[in-house]
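Thanks for making time this morning. I would like to walk you through one model, taking the sheets, then a helix pair, and then the ligand site.

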Amino acid sequence: MNIRTVSTTPFDDQKPGTSGLRKSVEVFQQPHYLENFIQAIFDALEGCEGQTIVLGGDGRYYNRQAIQIILKMAAANGIGRVLVGQGGIMSTPAASCIIRQYKAFGGIILSASHNPGGPDGDFGVKYNVTNGGPAPEKVTSAIYDRTKEIDSYKILETDDVNLDKLTVMRLGEMGVEVIDPVEPYARLMESLFDFDSIRQLVRQDFQMCIDSMHAVTGPYAKNLFEKRLGAPQGTVQNSEPLEDFGGGHPDPNLVYAHDLVEIMFGDDAPDFGAASDGDGDRNMILGNNFFVTPSDSLAVLTANAKLVPGYKDGLSGVARSMPTSAAVDRVAEKLGVECYETPTGWKFFGNLLDADRATLCGEESFGTGSNHVREKDGLWAVLFWLNILAATGKSVEDLVRDHWKTYGRNYYSRHDYEEVDKERANELFERLQGMLDDLKGNTYGNYTVDYADNFSYNDPVDGSVSKNQGIRIGFTDGSRIIFRLSGTGTKGATLRLYLESYEPDASKHDTETQTALEPLIEIAQKIAQIREYTQRDEPTVIT
Ligand code: G16
């Protein structure tokens, strides 16, 4: 066995963001860049020798090469066994499922999620821990600390592994199993949802369109919807994972999932439409000419969970990220369960799920999930919706409108200013931070500021504190304006402005969202001087 120790020097930009280390492909392809980060992971993990780890990615450009490098480094670092997805493919939720089912030590997932792929696109590496969830901050900090002092890495000199054939083999002293990445996940889905009723729904005069955006969920969606649930061939569109996602931006929102949006907002639109992102953890739900906001989706799933076999015994609690609308809070109150408010980032749900304080979780950024795995899960959300539609016989729109009648409507939107100058974005925040103490009590039109702060989270399970998680301005009527800088972008800074207002009166639920939020948009401009600091007249993306 020929293990080579290669000298290296640290890179100063390997701090993991909201979800792992995300950089352009070009950055990752620099000599030693990937290797340094992977060695830092192995160095930071105590007791990983002899253990099993899971490895796979969303199939984007550089996935295959990276997998070969990681396999050889794992073998050189004394890992016992690696379970790798066939073709190097594994969706993020499936990786979480497989880590848990095989009781693996952890997993390395190669993905930059919804960011574009290809030679000019992005690449990313995430590490997930034994519970199947994203590494908590203490682990990512230990990895980052290690990247700052690394001086060598270890790699086995050997031939590449054939990733395309299901096989069990050895790489040096390490076992490698190339496994079917779909089957364990599909079986888990069958254990949670009423596949018979969904099958019946799909057989009736019910049309649906699932868009995999040429990303990782293609094989999963074909297996679930066309094979197991009997939907007609072609129900899943853009189903072949491509290294550059067909040139698209695999982010399931109204702007980037335009193929699906055209169909669902066209004449003779299907009854149901859904899209997933690059690595399969995000989802967007659409009805015939109707968009369901991710915040409303979480609230509707929570309100109807008892109709779904896997959740029929009730929920221990729910959790949402801070910028997600408070629609689910009202459902939790009615159900008499706790609702937790966490910072943005799925990793913050891990402790609540492990401690059984929450069963369902969700984020405004098109993420929904439950305690079945420790990642958000796009296709799970789609199946949950189909199960509810099958059980109630309602259309997507009727279900949501009835929900609003019961709980009121939380008008909600996010405005993104992408690729703005980092320094100016930081200045905007510093200025806002300096204004916080003086904002309380100020009145803007009909709105009076109730509180203004920079969100800080005290984890109720392990007592850890996460500060500076976004600036919140709350008004006395429950409306909110929130400012955050994205932790997943790779170019410049992305400013996110989140807007929410609550309307209990059902006769006022038909206003167009941006119109309903107009006064808050103006207040946000006035307080933060967004145009001046971003040099943009309009947001890049509105969701
Ligand atoms: C990641 C995280 C999510 C987070 C999202 C947006 O999603 O897993 O928890 O909400 O980023 O983060 P930001 O606003 O910092 O860009 P994904 O799907 O990219 O892994």
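In what order do the four strands of the open sheet with mixed pairing come? The order is 16-15-17-18, where strands are DSSP runs of E with at least two residues and helices are runs of H or I with at least four, both numbered from the N terminus, and where two strands pair if DSSP finds at least two bridges between them. The edges are strand 16 (338-342) and strand 18 (367-370), each of which pairs on one side only.

Before going further, please keep in mind that this is a predicted model, in which local features need pLDDT of at least 70 and side-chain atom pairs count only at pLDDT 80 or more, while totals for chains, interfaces and linings use all residues. Residues are numbered from 1 along each chain as its sequence is written, and side-chain values use heavy atoms, with hydrogens and water left out.

Within that four-stranded sheet, strand 15 (residues 317-321) runs parallel to strand 16 and is joined to it by five bridges, one of which pairs Val 318 with Cys 339 of strand 16.

The other sheet I want to show is also open and mixed, with five strands in the order 11-10-12-13-14, and its edge strands are strand 11 (236-237) and strand 14 (290-292), each pairing on one side only. Strand 10 (residues 208-211) and strand 12 (residues 272-276) are parallel and share four bridges. Helix 13 (residues 378-392) packs on this sheet, touching strand 10, strand 12, strand 13 (283-287) and strand 14, where contact means heavy atoms within 4.5 Å. Helix 13 also lies across strand 17 (360-363) and strand 18, at about 80 degrees to strand 18; axes here are lines fitted to C-alpha atoms, for helices over the stretch in contact, and angles run from 0 to 180 degrees between N-to-C directions.

Turning to the helix pair, helix 10 (residues 294-304) and helix 14 (residues 396-407) pack at about 80 degrees, with their axes 11 Å apart, and they are therefore roughly perpendicular, a label that covers 65 to 115 degrees.

Finally, the ligand: an oxygen atom of the ligand is 2.6 Å from an N or O atom in the side chain of Arg 496, and another listed pair puts a ligand oxygen atom 3.3 Å from a polar backbone atom of Gly 345. Taken alone the ligand exposes 460 Å², of which the protein buries 99%, with areas from the Shrake-Rupley method and a 1.4 Å probe.

Notes:
Polar contact = N/O pair within 3.5 Å; in protein donor to acceptor, adjacent residues only side chain to side chain. Parallel < 35°, antiparallel > 145°, perpendicular 65-115°, else oblique.
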